[in-house]
Amino acid sequence: MFFKNVMVPYDESEHATSALHIAFGMVGDDPGAQIHVVMIVGAGAVPAPSLVGGAFDTPIDTGSLMEYDNMMGALVERTRSEIERVVEDARDGAQCKVNVVVRTASAPVEGIAEYVADHSIDLVVMGRRGLGALRGMLGSVSFGVLRSVDVPVLTVK
């Protein structure tokens, strides 16, 4: 099979779930293939504590930073567990390896493009329209990924 290392960006939309089913249909019977189901969580999903005090000599509250890290870690872990349940429902006996990843990034397109480059992805299968796009149009994330990666991108309705 031509594609062995497939990425499915996941955003909990129906289109993303369809993309997951398509990816399993394409490479699921190949035990040497791997599907990376990746959700990018915006770095601003949990508001960051203010790092600027009232004066230059005011110390930064490291307790707030640790609390922020703990909240982001809990969000990432809870999201990963939810995605693993969706993946198991969609797997339907597929023999390929599956890697579920939740990453933080400044924006979804940048996070997806970085993941593609870092993991030698050879195909991206993604929903044509995610949670925030207008009906009937190619979503801004899909369009951004098409322009940002050097591998084939299959968009799914």
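This section describes the salt bridges and the aromatic pairing found in the predicted model.

Side chains of opposite charge can pair when their charged atoms come close. Across the whole structure, a search identifies six salt bridges. Three of these contacts are described here, beginning with the one formed by Lys4 and Asp30.

The side chains of Lys4 and Asp30 are joined by a salt bridge with an N to O distance of 2.5 Å. This pair connects distant parts of the chain, its members being 26 residues apart. Lys4 belongs to the segment before β1 (5-9), whereas Asp30 is located in the loop between α1 (14-27) and β2 (34-42). The two partners also fall into separate accessibility classes. Lys4 has a relative accessible area of 35% and is partly exposed. For Asp30 the relative accessibility is 14%, and because buried means under 20%, this residue is classed as buried.

A further set of contacts is found within helix α2 (residues 62-91), where both Glu77 and Arg80 reside. These two residues form a salt bridge in which the closest N and O atoms are 3.0 Å apart. Their spacing along the sequence is three residues, about one turn of the helix. Arg80 also forms a salt bridge with Glu84, with 2.3 Å between the closest N and O atoms. Here, too, both partners lie in helix α2, and the spacing of four residues again corresponds to about one turn of the helix. Through shared partners, the salt bridges join Glu77, Arg80 and Glu84 into one network.

The accessibility of the network was examined residue by residue. Glu77 is partly exposed, at a relative accessible area of 38%. Arg80, the residue that pairs with Glu84, has a relative accessibility of 25% and likewise counts as partly exposed. Glu84 is partly exposed as well, with a value of 32%.

Aromatic contacts were considered next. The search of the whole structure yields one aromatic pair. This pair consists of Phe2 and Phe3, whose ring centres are 4.7 Å apart. The ring planes meet at 75°, and planes over 60 degrees apart count as edge-to-face, so the pair is assigned to that geometry. The two rings belong to residues with opposite classifications of accessibility: Phe2 is exposed, with a relative accessible area of 70%, while Phe3, at 17% relative accessibility, counts as buried.

Methods:
Residues are numbered from 1 along each chain as its sequence is written. This is a predicted model: local features need pLDDT of at least 70, side-chain atom pairs count only at pLDDT 80 or more; totals for chains, interfaces and linings use all residues. Side-chain values use heavy atoms; hydrogens and water are left out. A salt bridge is a side-chain nitrogen of Lys or Arg within 4 Å of a carboxyl oxygen of Asp or Glu. Helices (H or I, at least four residues) and strands (E, at least two) are DSSP runs, numbered from the N terminus. Buried means under 20% relative accessible area, exposed over 50%, partly exposed in between (1.4 Å probe, protein chains only). Rings of Phe, Tyr and Trp (its six-membered ring) pair if their centres lie within 6.5 Å; planes under 30 degrees apart count as stacked, over 60 as edge-to-face and the rest as tilted.
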